[in-house]
Amino acid sequence: LSAQKTAAMAATQSSKLSQERDDALMYYMGDMTSALPSPEGRSQAVSTDVADTIEGLMPGLMEVFSGSEEVVEFNPVGPEDVEAARQETDYVNHVFMNQNPGFLVLYSFIKDALLSKVGVVKVWWEEREEEETETYYDLTDDQFAIIASDDEVEIVEHTAKPGAAIGPDGAAMEQFHDVKVSKSKTVGEAKALGVPPEEFGIERGARSIQTSNYCFHKVLKTQ
């Protein structure tokens, strides 16, 4: 793995492709200094041909991928699969376009491919902890005991107050309880996000991600 990483990193950072990406970005910004250097004191050449070409292609390509209501469609294999295929189509399109910024993912994916010669989208399943709080008022002793015995619930606040019924000795026969509880649950969802080309690497001889022996997404995380 260490050797693969070193080779892939070197291929990413030191190859001809890396320099071409730098040049393409400068051309996109209109800076032609690397191709047409100007003498000292003279005006620099400016050309927006690269930007004009890319921006001219983007609407047509976006129309292909996101012009219809369905970005992806599942085709049934047999008559028994028709309903399942329809539900899968609706669900996956909802996850990609509504739960994720599908339009922006496609836009950055296509633009990266035109400008940097590679577009990458990363898809993964993400789980996170969510905390919910609920407040209950005027619970009986039995109801409070049920909540207090639940291992998945944490009692945050508890107030006991006397009930209306009075016993022979003049004391309250029962209590009522106001309780605020907190409960954590694990939520999972599918995520899709564009990967900047400079954060993606792959082995030198790779022809596709599926057939490669090694590829990576360089992620910077804080502790």
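## Strand pairing

Val120 stands opposite Val195, a residue of strand 3. This is a predicted model. Strand 1 covers residues 120-139 and strand 3 covers residues 175-195. The two run antiparallel, and 18 bridges join them.

Strand 3 also pairs with strand 2, residues 153-162. Nine bridges join strand 2 to strand 3, and this pair runs antiparallel too. One example is Glu154, whose bridge partner in strand 3 is Ser182.

## Salt bridges on the strands

Side chains of opposite charge can pair when their charged atoms come close. The count for this model is ten salt bridges.

Lys185 forms one of them with Glu132, with the closest N and O atoms 3.0 Å apart. This pair links distant parts of the chain: Lys185 sits in strand 3, Glu132 in strand 1, and 53 residues separate them. Lys185 has a relative accessible area of 37%, so it is partly exposed. Glu132 is partly exposed as well, with a relative accessible area of 37%.

Lys183 and Glu152 meet in another salt bridge, 3.7 Å from N to O. They too link distant parts of the chain, being 31 residues apart. Lys183 is in strand 3, while Glu152 lies in the loop between helix 6 (141-148) and strand 2. How does each partner stand in terms of exposure, partly exposed or exposed? Lys183 is at 37% relative accessibility, so it counts as partly exposed. Glu152 is exposed, because its relative accessible area of 54% is over the 50% cut-off. Elsewhere, salt bridges that share partners join Arg128, Glu130, Glu189 and Lys191 into one network.

## Helix 4 and a nonpolar patch

Helix 4 spans residues 82-99 and includes Val92. Asp90 forms a salt bridge with Arg86, and their closest N and O atoms are 3.2 Å apart. Asp90 and Arg86 are four residues apart in helix 4, so about one helical turn separates them. Both ends of the bridge are partly exposed: Asp90 is at 41% relative accessibility, and Arg86 is at 44%.

Val92 belongs to a nonpolar patch on the surface. The other members are Val72, Phe74 and Tyr91. Together the four have about 320 Å² of accessible area. Val92 itself is at 30% relative accessibility, so it counts as partly exposed.

## Helix 3: span and bend

Helix 3 runs over residues 49-66. How far should its 18 residues span at 1.5 Å a residue? The expected span is 26 Å, and the end C-alpha atoms are 26 Å apart, which agrees.

There is a bend in this helix. Helix 3 bends by about 30° at Met58. A proline, Pro59, follows within four residues. Met58 is also buried, as are Ala51, Ile54, Met62 and Ser66 in helix 3.

## Strand 5

Strand 5 covers residues 215-217 and holds Phe216. Is Phe216 buried or exposed? Its relative accessible area is 14%, under the 20% cut-off, so Phe216 is buried. Which distance separates Phe216 from Gly201 in space? Their C-alpha atoms are 5.3 Å apart, although the two residues are 15 apart in sequence.

How values were computed: Residues numbered from 1 in each chain as written. Predicted model: local features only at pLDDT ≥ 70, side-chain atom pairs only at ≥ 80, totals over all residues. Heavy atoms only, no water. Patch = residues over 30% accessible without salt bridge, like charges linked within 9 Å, V, L, I, M, F, W, Y side chains within 5 Å. Areas by Shrake-Rupley, 256 points an atom, 1.4 Å probe, with all protein chains shown as cover. Salt bridge = Lys/Arg side-chain N within 4 Å of Asp/Glu carboxyl O. Buried < 20%, exposed > 50% of the residue type's maximum accessible area, 1.4 Å probe, protein only. Pairing = 2+ DSSP bridges. Expected span 1.5 Å × (residues − 1). Bend = angle between axes of the 7 residues up to and from the residue.
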